[in-house]
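The following exercises concern helix packing, burial and chain contacts. Each task is followed by a worked solution.

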Amino acid sequence: MIRYVARRLVYMLAALFIIVSVTFFISKALPGNPFSNPKLSPQIREQLFEKYGLDEPLYVQYAKYMANVAQGDLGNSYYFEGRSVSQLILQRLPVSAFIGIQAVIFGLVIGMVLGIVAALWHNTVWDTLAVVVAILGVSVPTFVLAPMLQYWLGLKLGWFPIAFFESWIYSVLPSLTLSVFVISTVARFMRTEMLEVMGQDYITLAKAKGISGLGVIVKHVLRNAMIPLVTVLAPLTIYIIVGSLVVEQIFAVPGIGEQFVQSVFVNDYAMILGTTIFFSVLFILALFIQDIMYGIIDPRIRVAGAKE
Amino acid sequence: METRYRELDPSLFESADIDAYEGERIAGPPVGFWRDAWIRLKKNRGALVSLAVLVLVFAVAFVIGPLISSHSPYAQDLSQRYLGPTSKFWFGTDKFGRDMWTRVWAGTRVSLYIGLLAALMDIFVGVVYGAVSGFLGGRVDDVLQRGIEILNGIPYLVVAILAMIVFDPGIITISIAIGLTGWTYMARIVRGRMLQLKDQEFTLASRSLGASGFRLVWKHLIPNSLGLIVINLMFTIPAAIFAEAFLSFIGLGIQVPEASLGSLISDGAAELRFHPYLLWLPSLVFCLLMICFNLFGDGLRDALDPKMRK
C-alpha cells in the first residue's frame, strides 16, 4: 500500500511539475510583460523587477518561478493593480466552493435515491424515469440548462432570483444547474451497481438465511453497491470546475469561474495562468484521493500496479 | 404431498425422444460478429431512431440546409434585426439581422467536424499508441504508460485554455487542444485489449507460422479489438462536441463572425428575456445531437459487447 501511494504521489508531482513548467514558458512566450503594461505604477514595476528578477537568465527565472509557485505565490494580477493572484483566488473561493459543494451534496442524495428506487423496482416507471434522467443529464449541457432554469423558474415563475449572490436563495439556481449532471451520473451508477450486486450469490445466501428484505438491502446490497461510487470523485470535481465557469457567468455569481472568464477577456495572463494552475491542483488532488481510496477498497488495483 | 404425487397418472406424460445427433445439427447459417451485432442493434429502437436522426442532421447541416435557403450565415442586414421565426427566415434573425437557419447549420457543421476530428485522433493516435504500448510491452510500455498517466493528470480544459492563449482562438486551435488530450482513454483501452489478446493461442499460431509483429497487430490483434474501438469512438465524439461548444460558449472557441452551436447558445442566453428563440433553436439542435450520439453509443455498446450491457 505504501508503495502504491508513493507511486501515485510521484505521478501527481510529475503532472504538476509539467503543468507549471508549461505555464511558465507560455507566459514567457506571450507578447507583453508586467513592465510594458502602462497600467502599472512605477513602484509596482520596481517591485516586480525585484521580486521576479526579470533581467536574469531564463533558467534562473524558471527556478525562482517554480520556488514561488511551490510556496503558493502565483504572481500579481495585471488587471487588478498590485493584487496577487493567490489573494484574488482565495477571496473568490468560498462562493464557488459553496455552490459546488451544495450541488454535489444535493446531486448525491437525489441521484442515489433515484438509482436505488430504479434498481429495486427494476423495469417499472421508476426505472424508466431514472434512465431518461441519466441520458438527459449527460446530454443537456449546463450552458443550455442554466438559461432554461433562469427563464422558467426565475422569470416565468419568479421563484428564485436569476442573478448575483446576496443570500442563500441566490445559490439555488446555480447549484441546481450543476447538480443535474451529478444526479444523472450518480443515478446511473447506483442503478447499475445495485442490479449487479442483487444478482450475486451472497445476496441469495443472505435472503436464504432469513434476513428481512430491508435488512438485505441496507446491510448487503447498498454497502457493496456504494463502493465503486468512489470512482466518480475525479470526474465530478472536473465537472464542477468546468461547470462553475459557465454557471457563474450566466448567474453573475462572483466566484472563481466568473473571474477566470473575465480575466480571459481582459487578457490578464497572470490571472489566467494562476487560475489554471489552481484548477489543475484541484483536479490532480481529486484524482490522487480517488486512486488512493480505490486502492484501499479494491486491493486488486494496487497489486496490478505493483507487478509491473 | 405424497397423495398429490400419486394422483398424477403416468399416461399424462409422453417421453420426448430426441436424437442425440439432433443437438449437433446447425440450425442456421453461421452468423459473423458484425452481422450478429447488427441483428442486436436492430432490436434497439432508441438506437435506430438516434442513428436516423443523426443521418438527418448530417444531411441537413451539410447539404439540405444551405441548399434550400438563399441566405448567407454571415450577411448582415440591420433592417431585419430580431425577426422571430417566419416564412422568410425559418429560425428568425439575430441582432445583426443574420439568418439564424443557416447560422445554426453552420454551427452544427463545426460540431460535426470537431466530432470527426476527435474520432480520427482516437484512431490514428490513440489506437496506435495503445497497440504499440500493449504489444511491445516491457520498457516501452512502461515509458508510454507513464506518459499517459501524466497527460491524464492535466484537465483538458487547461490544455485548451493554454492553447487558446498561445495561438489565436479559432477552429484550428480547438482542433489542436482536442487532438492533444482526447485520445488517452482510447490508448488505455486498446493497450489493455492487446495485453489480453497477445498471449492467446491464435496469436501464438500466427507467430509460429512466421508472422511479423506488424502483421500480428494489423491482421489479428486490431481486428479482434475493433468492437471495443468502435464503442469507445462513439463516446469520444459527443465528449469532443461538448468540449468545443463549451469553449465557444465562454468565448474561447470559435470567434465572430463564424458560428458554432456553443457561441450561438451564448449569444442567445444574453438575449433570453426578449428574444428567447435565439436560445431555444440552437440549444434544441445541440441537445438533439448529444442525445442521439449518447443513445446510439449505448445501443452500439450493447450490440457489440452484450457482456458489458448495463
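**Exercise 1. Two helices of chain B**

H3(B) and H4(B) are oblique to each other. The structure is a predicted model. Task: state at what angle H3(B) and H4(B) pack, and derive the orientation class from that angle.

Solution.
1. Helix H3 (residues 45-68) and helix H4 (residues 100-136) of chain B pack at an angle of about 135 degrees, and their axes lie 9 Å apart.
2. An angle over 145 degrees would count as roughly antiparallel, and one from 65 to 115 as roughly perpendicular. The pair H3(B) and H4(B) is therefore oblique.
3. The crossing of H3(B) past H4(B) is left-handed.
4. On the H3(B) side the contact consists of Val57(B), Phe58(B), Val60(B), Ala61(B), Phe62(B), Gly65(B) and Pro66(B). H4(B) contributes Thr102(B), Trp105(B), Thr108(B), Arg109(B) and Leu112(B).
5. By class, the residues of this contact between H3(B) and H4(B) are 8 nonpolar, 3 polar and 1 charged.

**Exercise 2. A second pair in chain B**

Task: determine how H11(B) and H12(B) are oriented to each other, and which residues meet.

Solution.
1. Helix H11 (residues 261-270) and helix H12 (residues 277-304) of chain B pack at about 150 degrees, with 8 Å between their axes.
2. Angles over 145 degrees count as roughly antiparallel, and H11(B) and H12(B) are therefore roughly antiparallel to each other.
3. H11(B) passes H12(B) in a left-handed crossing.
4. From H11(B), Leu261(B), Leu264(B), Ile265(B), Asp267(B), Gly268(B) and Ala269(B) take part. They meet Leu278(B), Leu279(B), Pro282(B), Ser283(B), Val285(B) and Phe286(B) of H12(B).
5. The contact of H11(B) with H12(B) comprises 9 nonpolar, 2 polar and 1 charged residues.

**Exercise 3. Chain A and the burial of one helix**

Task: describe the secondary structure of chain A, and establish how many residues of H11(A) are buried.

Solution.
1. Chain A has 13 helices and 0 strands. Its C-alpha trace spans about 80 × 60 × 25 Å along the principal axes.
2. Of its 308 residues, 39% count as buried.
3. Among contacts in chain A between residues at least 6 apart in sequence, 72% join residues at least 24 apart.
4. In H11(A), 8 of the 10 residues are buried, so this helix is largely enclosed by the rest of the structure.
5. The buried residues of H11(A) are Ile256(A), Gly257(A), Glu258(A), Gln259(A), Phe260(A), Val261(A), Ser263(A) and Val264(A). They pack against H4 (85-120), H10 and H12 of chain A.
6. After H11(A) comes Asn267(A), with a positive phi near 55 degrees.

**Exercise 4. Contacts between the chains**

Task: state how many residues of each chain are in contact with the other, and which elements of chain A supply them.

Solution.
1. Chain A has 41 residues in contact with 33 residues of chain B.
2. The elements of chain A that each supply at least two residues to this side are H1 (2-29), H5 (125-139), H6 (142-156), H10 (233-250), H11 (256-265) and H12 (269-297). H1(A) gives the most, with 10 residues.
3. The side of chain A that touches chain B has 33 nonpolar, 7 polar and 1 charged residues.
4. For one pair across the chains, H12(A) and helix H6 (residues 156-166) of chain B, the packing angle is about 165 degrees and the axes are 10 Å apart. H12(A) is therefore roughly antiparallel to H6(B), and their crossing is left-handed.
5. Tyr269(A), Ile272(A), Thr276(A), Phe279(A) and Ser280(A) of H12(A) meet Val158(B), Ile161(B), Leu162(B) and Ile165(B) of H6(B). These residues divide into 7 nonpolar, 2 polar and no charged.

**Exercise 5. The nonpolar core**

Task: identify the residues with the most contacts inside the largest nonpolar core, and list what Phe246(B) and Ala134(A) touch.

Solution.
1. The largest nonpolar core has 147 residues. Those with the most contacts inside it are Ala187(A), Ala160(B), Ile161(B), Phe246(B) and Ile265(B).
2. Beyond its neighbours within four places in sequence, Phe246(B) is in contact with Pro141(A), Phe143(A), Val242(A) and Gly262(B).
3. Ala134(A) lies in helix H5 of chain A. A residue is buried if 20 or more other C-beta atoms lie within 10 Å of its own; Ala134(A) has 25 and is therefore buried.
4. Not counting residues up to four places away in sequence, Ala134(A) touches Ser184(A), Ala187(A) and Arg188(A).

Definitions and conventions. Residues are numbered from 1 along each chain as its sequence is written. Chains are lettered from A and ligands numbered from 1 in the order in which they are written. This is a predicted model: local features need pLDDT of at least 70, side-chain atom pairs count only at pLDDT 80 or more; totals for chains, interfaces and linings use all residues. Two residues are in contact if their C-beta atoms, placed from the backbone, lie within 7 Å. Helices (H or I, at least four residues) and strands (E, at least two) are DSSP runs, numbered from the N terminus. Ala, Val, Leu, Ile, Met, Phe, Trp, Tyr, Cys and Pro count as nonpolar, Asp, Glu, Lys and Arg as charged, and the others, Gly among them, as polar. Axes are lines fitted to C-alpha atoms, for helices over the stretch in contact, and angles run from 0 to 180 degrees between N-to-C directions. Angles under 35 degrees count as roughly parallel, over 145 as roughly antiparallel, 65 to 115 as roughly perpendicular and the rest as oblique. A crossing is left-handed if the near helix is turned anticlockwise from the far one by less than a right angle, and right-handed if clockwise. A residue is buried if 20 or more other C-beta atoms lie within 10 Å of its own, exposed if 12 or fewer, and partly exposed in between; C-beta atoms are placed from the backbone. A nonpolar core is a set of buried Ala, Val, Leu, Ile, Met, Phe, Trp, Tyr and Cys residues joined through C-beta atoms within 7 Å.
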